[in-house]
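User: Could you take a close look at one helix in this model and at what surrounds it? Please go step by step, as I am in my first year and would like to follow each link in the picture.

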Amino acid sequence: MSTRAALTIDGVVPWPEDVAEHYRAAGYWQGRSLGSYVAERVHSAPDAEALVDGSTRLTYRGLWDKAAGFAQNLLDLGIEPADRIVLQLPNSWEFVALTLGCFRIGVVPVMALPAHRRHELTHLAALSEAVAIVVADTDKDTDLRTTAQEVAAEVPTVKTVLVHGELSAGSTATPEHSLAEAAETVPTFDEKEYEPTGEDVACFLLSGGTTGLPKLIVRTHDDYAYNIIRCNAVTEITSDSVYLGALPSSHNFPLACPGILGTLFAGGRTVMLPSARPDRALAAIDSEAVTVATVVPAVAQSWIEHQREHHTLTGSSLKVLQVGGSRMPDELAARVEPVLGARLQQVFGMAEGLINMTRLDDDLEVITNTQGRPVSEADEISVVDEQGEPVEDGVPGALLTRGPYTPRGYFRAPEHNARAFTPDGWYGSGDIVVRRPDGNLIVAGRDKDMINRGGEKISAEEIENFAYQVDGIEMAAAVAMPDPKLGERLCLYVSVTPGKGVELDDVIRVMNAAGVARFKLPEKLIVVDAIPTTKVGKLDKKAMRDDIRARLAADQEGNR
Ligand code: OOB
């Protein structure tokens, strides 16, 4: 148990004290650090295997020691409890050990996605006032060390760059350190003195984002531990579980629903893969006897197609395939078990908290046709109409939620909080859902201005802001176009100054120059005389979504 008082970070929105008291009294919040749950496993089964990353295999003791090395290194660099560091790493044992190292001393990782580039990383560092940034040396054709230096030059609080892989060849303006060396630091810190309290901030997750750039979601040790514990119970994770981490680990789903952290809490083994490519993933499931994996629908589809063609999966180890992040078509859901031999678990969750899951012993009808129900009895759900009045079961409405792992506000975003949360602290996720009489939810649509590209969330507003920087674009509207693989892709409607020609490449050039993550680049540009608007003068996104759907259908017809 921690021996110090909770640390405050300015700009964190707490739960009201009476609600917090209730969550403690009910046992949802246990007043413990995330690390303490893993420590139990380290003590009870130190030699059990915790993590597999390529040829590196770490036992619980081995992982714990690496985490301590990282923690000591952070302290040696002058990084203190409650300081934030932007963490961007590929799926690797270093990601897990560093995250645990942070959790043990109360340093707060800001969970950047691997696809993020200068634009996003600068924003995350500035908003969180990060003191350090952790990156891989390179990713595909990008030198992330250069990116990190650019971020540090832009954000004065960033004093240190930690690099996974090779350090820069020459000297750098902001000092660089090697993660490989950091892990070998001999720990001398007093665990008890540094151990966070339940109330301390554990990490910042990123919002899917409907506004310009991602908002930061504050997750405390208490609330995140509860999130993990409930997900472990529903997904039935035990010390015998072997978890495949193939989605980017910094995302809430593979991190904690129940994901890598859940598996560590339970004493199971996690197998990390750099990507979810079907050939490698299915081979790894066989060779490591994986029992549970987490994917988005697009990946589930690619695994099913691959398995049908190549029969890579020969064993029957895979018991559960969790699918979520975007809406899984019912037809795809029906194919999971027959082809992959695993029970499907649909997961409708959000980094903001609430996690819904189908149960492993639900009827096939529920598993195939719904996105499940809350993982905790303490999750409050309300489905409301446009006036905010509750609707009957079976009627679509906007989802509102509150609960012991759904924070009451984003970090340092009072204006946005006033819109995203009701005065009573309900979070409006922007999803349109139908609640069935059996309590299961069906995600029926969305009233937030976001494009869900195979689980990767793109804010329409962010893209429109870039479009306005293109010479000749007068009005711009980013909308989702249907896609058989990813569910949705990004299509940009623009109207242009008479006489000017604008092409997709012009928009892409502006976005690349700004250093924007590639998944946000629009994939189609449609020039119209006038962007359709509603009676009250707002962009008529529905009209444009209908229009692009009709155009794509006509194209297909034409190709036939
Ligand atoms: C997960 O988290 P985020 O924060 O990237 O995105 C949340 C949003 C939801 O509000 C919803 O719009 C969409 O993603 N979503 C789904 C879905 N799961 C998420 N839409 C339809 N069907 C689903 N099954 O995406 C996330 C976090 C934890 C666990 C699972 C997913």
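Analyst: **One helix and its surroundings**

Among the elements that cover the buried residues of α13 are the strands β12 (242-245), β14 (292-295) and β15 (320-324), together with the helices α12 (278-288) and α14 (330-340). The model you are looking at is a predicted one, and the values below were computed from it.

Begin with the helix itself. α13 runs over residues 297-310, which makes 14 residues, and the distance from its first C-alpha to its last is 20 Å, close to the 20 Å expected at 1.5 Å a residue. Which of its residues are buried? They are Pro297, Ala298, Val299, Ala300 and Gln301, followed by Trp303, Ile304, His306 and Gln307. It helps to recall that an α-helix has 3.6 residues a turn, so residues three or four places apart point the same way.

Now follow the chain out of the helix. Just after α13 comes histidine 311, with a positive phi of about 50 degrees, and this residue takes that angle although it is not a glycine. Histidine 311 belongs to the loop between α13 and β15. Is this residue buried or exposed? Histidine 311 counts as exposed because its relative accessibility is 53%, and the cut-off for exposed is over 50%.

At the other end of that loop is β15, one of the elements that cover the helix, and glutamine 322 lies in this strand. In contrast to histidine 311, glutamine 322 is buried, because its relative accessible area is 0% and buried means under 20%. The side chain of glutamine 322 is joined to the side chain of threonine 294 by a polar contact of 2.7 Å. Leaving out residues up to four places away in sequence, glutamine 322 touches Ala293, Thr294 and Val295, and also Thr235, Tyr243, Phe253, Cys257, Pro258, Gln345, Val347 and Met357.

Two names in that list of contacts, Cys257 and Pro258, deserve a second look. Cysteine 257 and proline 258 are joined by a cis peptide bond, with omega about -10 degrees, and proline 258 sits in the loop between α10 and α11 (259-266).

The helix α12 also covers the buried residues of α13, and a further contact can be followed from here. Arginine 269, in strand β13 (residues 269-272), has a side chain that makes a polar contact of 2.5 Å with the side chain of glutamate 288. Why does this arginine count as buried? Arginine 269 is buried because its relative accessible area is 16%, where the cut-off is under 20%. Apart from residues up to four places away in sequence, arginine 269 touches Glu49, Ala50, Val52, Arg57, Ser241, Val242, Tyr243, Thr263 and Glu288. Tyr243 is therefore a name to notice, as it is touched by arginine 269 and also by glutamine 322.

The contacts of glutamine 322 also lead towards the ligand. Val347, one of the residues touched by glutamine 322, is among the residues that come nearest to the ligand, along with His251, Ala351, Asp431 and Lys448, out of the 21 residues around it. Lysine 448 has a polar side-chain atom 2.8 Å from an oxygen atom of the ligand. From the backbone, a polar atom of glycine 325 is 3.0 Å from a nitrogen atom of the ligand, and an N or O atom of arginine 327 is 3.4 Å from a nitrogen atom of the ligand. Taken alone, the ligand exposes 590 Å², and the protein buries 96% of that. The elements that give two or more residues to the shell around the ligand are α10 (252-256) and β16 (343-350), with β16 giving the largest share, four residues. By type, the shell divides into eight nonpolar, eight polar and five charged residues.

To put the picture together, start from the helix with its list of buried residues and move to the strands and helices that cover them. From there, glutamine 322 in β15 provides the link, since its contacts include Thr294 and Val347, and Val347 is one of the residues that come nearest to the ligand.

Methods: Residues numbered from 1 in each chain as written. Predicted model: local features only at pLDDT ≥ 70, side-chain atom pairs only at ≥ 80, totals over all residues. Heavy atoms only, no water. Near = heavy atom within 4 Å. Polar contact = N/O pair within 3.5 Å; in protein donor to acceptor, adjacent residues only side chain to side chain. Areas by Shrake-Rupley, 256 points an atom, 1.4 Å probe, with all protein chains shown as cover. Nonpolar A, V, L, I, M, F, W, Y, C, P; charged D, E, K, R; others polar. Expected span 1.5 Å × (residues − 1). Buried < 20%, exposed > 50% of the residue type's maximum accessible area, 1.4 Å probe, protein only. Contact = heavy atoms within 4.5 Å.
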